[in-house]
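This report describes the fold of each chain and the contacts between the chains. The structure comes first, and the description follows.

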Amino acid sequence: MTAAMTAVDPTDAYVGYLDCLADADEYAAIDVAIGLLDAGVPAERVLLDLVAPAQAEVGERWARNEWSVAQEHAATHISEQVVAAVAAHANPRPTGGRVVVACMDGEWHALPPRLVAEVLRLRGWQVTFLGASVPAAHLVSYLHRYDAHAVALACALPMRLPHAHRMIEACRRSDVPVVVGGRGFGADGRWARRLGVAWAPNAPAAAELIADERALRGVPPARLTHLADDEYASLVRRRGELIDSALADLRDRVPAARAYSPTQLDATVSDLGHIVDFLAAAVYVDDPSLFTEFVEWLSEILLSRGVPAGAVARPLDHFGVALRDFPRAGRVLALGRAALPAADR
Amino acid sequence: MTASDVRDWDPGDGRLPTPSTTRSPAWSADVTPRSTAALPPLAPDRDLAAPDWFEVVEHFREGLVVCDADGVVRHVSPVAERLLPEVTPGELLSAAGVPGLSDGDAGGFTHRGRRLTARQVPLSGARCCWYVEDITDSVSRADALLAERARSAFLAVVGDKLGNPLHPDRAAAAVVRLAVPTLAEVAVLVLAPRGGRARWWRASRTDDEVPTVDSGVLAGGDLPTAIADGLTGVEPHAVDWLVEQAVDAGWLPGLAGTESAARVVPLPGRDAPVGVLLVARRAARWYDEADVELARAFAARAGAALTTALLYRDQAEVADTLQASLLPVEPAEAPGVQWGTAYRPAQAGLRIGGDFYGSHRLTDGGSVFFLGDVSGKGVEAAVFTGQLRQCLQALHRLESHPGRLLRLLNDALLETTQAHGQGRFATMVLGVARPQRDGGLTLTLAGGGHLPPLVLRTSGEVESVPLSGMLIGVVPDPRVGEVTVRLAPGETCLLYSDGVTEARGGRRGDEQFGTERLVAAVTGCQRMPAPALAERVEQVTCDWLAHGDHDDIAVLALRAIGPGGRGSRHLHSVPAQPGTDRQRETDA
């Protein structure tokens, strides 16, 4: 018995639980959660006040470069086991209709939607959780096969918004209402409104929205008339070429880049790809703040990993020149450039 | 009297005299006659052609009423006489009591069943002239056009919403929801009874734009006659009593029987109607011929959508049952082993493919496990993996030595493929894991032409297991590679299919992921639980693909976790994590 096990409040158990995640001690972590349940704490609170904040902290530790990807994955796996154990312990009886919960195609942050799925299950819905990175075709064939009251889709990265939109439309064509969540839609859900889809900031809000079918269906339509300028489509077409030229530019200006190991080269290509993808997503929803938020986040991540200042500014400048015929993308890039910390400019 | 009398409005070329002038010159005084000096007089009969303007004006489409400064009618043209018989010359215009002529507002009004417009034009001497036009025909033409446009737009929306294959229940709900408010305030769909029970859906209009939908089940015998008739394909004509009946039965919330109109239209199906749609609304909007036409057009689309949905459901039920038998089965729980799996078929909608993995418990406490890839893709490949897995299921009871088991499998497959003339083959790694006292595992591996497994050592090193061998199912008695690997507690062996290493992505989307990137991706992951490791391999592969097409992807990881005295307590409460999602999905 650890001290954490006797805690009757999730916030008291939090520190001990985080230690279990840090030690990758699956069974101790489950003990903490089950101990809370045994002490009479409702399962929903264990999920939302213990597992969810701990998982957010795991992400923070990765971002601060305190934890490796492997540690983050292991901790996430343990959190998933804890969620499964809490769900099995509570074992609610379904009384409502079927709700399908899934991650957008390409989206691997499965724990937040898993928590939403379990909260919905605890509230009586018959929940199917399809897991991480669900291809649209798979989701649609599932919806044809089983009648769903609603679909809840998660997206953690705004760069997936164009794909998210396609997936939302696919569900709509199956006449199933959609609710979305996750940081990918903006902290206030503004990009969900842009895509014309209902948005919930957290699991309880999602549960309330799903219970209100009229609210789900009464969402104002998407406002995407700006896509008529074809900038998004052209950016996607030119993705490979943009990355290539940015890499060539980097090698010209930074001699060290010529001596990159294959792993470093892959990482650079991947970063450049993210910049183009976030730029394209910002152009898709016509909101430069999507890109500026990303640029700020990226420079913090790179700073914590000792990547020299200027690593972000240089490709932004390069893309600015390469995309001078793209007025909207150009504005997004300029604002992104301005958002860089002074030392980086 | 000249055109300068007419203010604010120019009837055309500015030369027309007003009708009050009886005999005016052909050309206004202020208009200079054309100079004849420059041109020869080509029109000697011009004077004869000079029209009698009064006569001309009398035949305008517009009727004219001229009033003097006191509002007394001074002149009424024949057209105006016909349109406004109560207007009499010599009396006050206001005394006639024509609504549209009471004030100066130009606009339309209805008078004696005709749609008229009137506009007032001031003349000289404080007189005025009313121009009155009968626009009944053009208004009704415009109304008909707008109505036709609205009907086309409605049917276009219906086609759009019902044009996609839907779940039958969704399709039914969509049908009633779409019928409101264009066709009805309350729409009820009754499906053809199955097993003596008829399911119904109803949409009723509410204050805002989203209708509320409910549904339920009726015994087939309880259906009103009109509905039962509709289900045989007859469209009932005398439907007045139907409203009362439906209202009495509580079918039409918010509508009273006496002041409502209703119609029943059958929804065409494959042979008999698939259902019947009852539309009802307040009698203020009676169902005329055009409305009924529209309801029929709607019913045709709705019937097609429902028929497709039912057909799709029947097909999908069959496909799902077959699919479920071809999906990889999660490895059986085994002491000292933690399994991790990932599976991503090339055809996402199909969810099955040519990659396979699995494990079986052996009676001596060990486990036989395998991962492989058959030639080809899609359903045929999946069917072949099913045969292969069934063979293994049976054969492992006879032979637990991996090398010999693989050769047995080879012979069995060779026989089936030759019998069916399929010419299919497989690559695979097959192994037996036996727990050791120290919590480690001994893996005896046999290779059938598959990619060599990786081993993640506690030291952080990633080793490639030297395992060769020939394809399975091609030649009798193939060369099978064999090797034994020791896993210390916490070490992991990783099996994967070529969908991982041959994933095409990168800058241009044409570069193979390759073994080196895979090794780099799992380096440093030696402390990861097996399910997390398998998911990581799947994730880095899919990230590399960046939404591109891919081959089937399968990953099987097994980690030595020791005898696991600690874990047993929770084994009952923690579902086997890998594939929990898929398991739920197929159970559902």
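Helices (H or I, at least four residues) and strands (E, at least two) are DSSP runs, numbered from the N terminus. On this basis chain B of the predicted model has 15 helices and 22 strands. Of the 588 residues of chain B, 40% count as buried. Among contacts in chain B between residues at least 6 apart in sequence, those joining residues at least 24 apart make up 60%.

**A sheet in chain B**

Chain B holds an open sheet of 5 strands in the order S12-S13-S14-S15-S18, with antiparallel pairing. At its edges are strand S12 (355–361) and strand S18 (481–487) of chain B, each of which pairs on one side only. From one strand to the next, the twist averages 15 degrees.

Helix H10 (residues 402–420) of chain B packs on this sheet and touches strand S14 (426–435), strand S15 (441–448) and S18 of chain B. The direction of H10(B) makes about 30 degrees with that of S15(B).

The edge strand S12(B) pairs with strand S13 (residues 367–374) of chain B in the antiparallel sense, over 7 bridges. In this pairing, Asp355(B) stands opposite Asp373(B) in S13(B). S12(B) and S13(B) form a hairpin with 5 residues between them. Gly365(B), in the turn, has a positive phi of about 95 degrees. Is S12(B) mostly covered or mostly uncovered? S12(B) is mostly covered, with 6 of its 7 residues buried.

**Domains of chain A**

Chain A is divided into domain 1 (1–91), domain 2 (93–223) and domain 3 (227–344). The centres of domain 1 and domain 2 of chain A, taken over C-alpha atoms, are separated by 25 Å. Between these two domains, 13 residues of domain 1 of chain A are in contact with 8 residues of domain 2 of chain A. On the domain 1 side, the elements that give two or more residues are H3 and H4 of chain A. H3(A) supplies the largest share of that side, 7 residues.

**Packing of H3(A) with H5(A)**

The axes of helix H3 (residues 43–63) and helix H5 (residues 111–122) of chain A come within 10 Å and cross at roughly 175 degrees. Angles over 145 degrees count as roughly antiparallel, and H3(A) and H5(A) are therefore roughly antiparallel to each other. From H3(A), the contact is made by Ala43(A), Glu44(A), Leu47(A), Leu48(A), Val51(A), Ala52(A) and Gln55(A). H5(A) brings Leu111(A), Leu115(A), Glu118(A), Val119(A) and Leu122(A) to this contact.

**Contact between the chains**

The contact between the chains takes 47 residues from chain A and 46 residues from chain B. Several elements of chain A give two or more residues to the side that touches chain B, among them helix H2 (26–38), strand S2 (126–129), helix H7 (161–173) and helix H13 (262–285) of chain A. H4(A) gives the most to this side, with 11 residues.

**Residue classes of the contacts**

The table lists residues by class for the contacts described above.

| Contact or side | Nonpolar | Polar | Charged |
|---|---|---|---|
| Side of chain A that touches chain B | 19 residues | 18 residues | 10 residues |
| Contact of H3(A) with H5(A) | 9 residues | 1 residue | 2 residues |
| Side of domain 1 of chain A that touches domain 2 of chain A | 8 residues | 3 residues | 2 residues |

Methods
Residues are numbered from 1 along each chain as its sequence is written. Chains are lettered from A and ligands numbered from 1 in the order in which they are written. This is a predicted model: local features need pLDDT of at least 70, side-chain atom pairs count only at pLDDT 80 or more; totals for chains, interfaces and linings use all residues. Two strands pair if DSSP finds at least two bridges between them. Axes are lines fitted to C-alpha atoms, for helices over the stretch in contact, and angles run from 0 to 180 degrees between N-to-C directions. Two residues are in contact if their C-beta atoms, placed from the backbone, lie within 7 Å. Ala, Val, Leu, Ile, Met, Phe, Trp, Tyr, Cys and Pro count as nonpolar, Asp, Glu, Lys and Arg as charged, and the others, Gly among them, as polar. Angles under 35 degrees count as roughly parallel, over 145 as roughly antiparallel, 65 to 115 as roughly perpendicular and the rest as oblique. A residue is buried if 20 or more other C-beta atoms lie within 10 Å of its own, exposed if 12 or fewer, and partly exposed in between; C-beta atoms are placed from the backbone. Domain bounds come from an automatic or database domain assignment.
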